[in-house]
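This report looks at charged side chains that pair with one another, and at where those pairs sit in the fold. Please keep the sequence and the structure in view while reading.

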Amino acid sequence: MTTADFVAVLALNAAAEGLVQPLGPDRLDWLRLIAAHAVVVDVDGHPAGFVLTFTPGSAYDGPEFGWFTQTYADRFLYIERIVVAPEHRRQGIASTVYRAVERSAQPFDRAVARVRSDALDSAGLSFHTARGYHEVAGQRLANGTSTALLAKEL
């Protein structure tokens, strides 16, 4: 991901708001710089999605990351967000990205993620469960959103 991708990435994120946290250009730039993976997925030369992951010890500041750090120390790779454009969903893009991320997470023993635990993101929870993730904790964010913290042992 480069700064040239920001307009497309921010538009993709805005289309998924409610499922992922809002994102502005400054925050995106900072996340991109500290991420283990900051990747845009292109389909036919057009951005179809993106993923951000973080390793233990990064400067990432989310409360779920703090919980994973306290629980697993340095033995996890955090999938902070994956967004796929609505017109590209159900085509295997997220599964392909997850396979690649999970391969890179093997030295950490597990991949972890956060999804909303309400009906709004039942597809996200089902997707993760089908991939072998299980709920290890729940959190309520400052905005009142309930989330499920998930882990997959690798």
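A salt bridge is counted here when a side-chain nitrogen of Lys or Arg lies within 4 Å of a carboxyl oxygen of Asp or Glu. The model is predicted, so local features need pLDDT of at least 70 and side-chain atom pairs count only at pLDDT 80 or more, while totals for chains, interfaces and linings use all residues. Residues are numbered from 1 along each chain as its sequence is written, and side-chain values use heavy atoms, with hydrogens and water left out.

Searching the whole structure gives eight salt bridges, including those in this table.

| Pair | Closest N to O distance |
|---|---|
| D61 and R27 | 2.8 Å |
| E102 and R131 | 2.7 Å |
| E102 and K152 | 3.2 Å |

D61 belongs to the loop between β2 (46-54) and α3 (63-72), whereas R27 belongs to helix α2 (residues 25-34), so their salt bridge ties together parts that are 34 residues apart in sequence. Helices (H or I, at least four residues) and strands (E, at least two) are DSSP runs, numbered from the N terminus. Burial is judged by relative accessible area, where buried means under 20%, exposed over 50%, and partly exposed in between (1.4 Å probe, protein chains only). D61 is partly exposed at 48%, and R27 is partly exposed at 31%.

E102, in contrast, is buried at 7%, and K152 is buried at 16%. Because E102 lies in helix α4 and K152 in strand β6 (residues 146-153), this pair ties together parts that are 50 residues apart in sequence. Salt bridges with shared partners join E102, R131 and K152 into one network.
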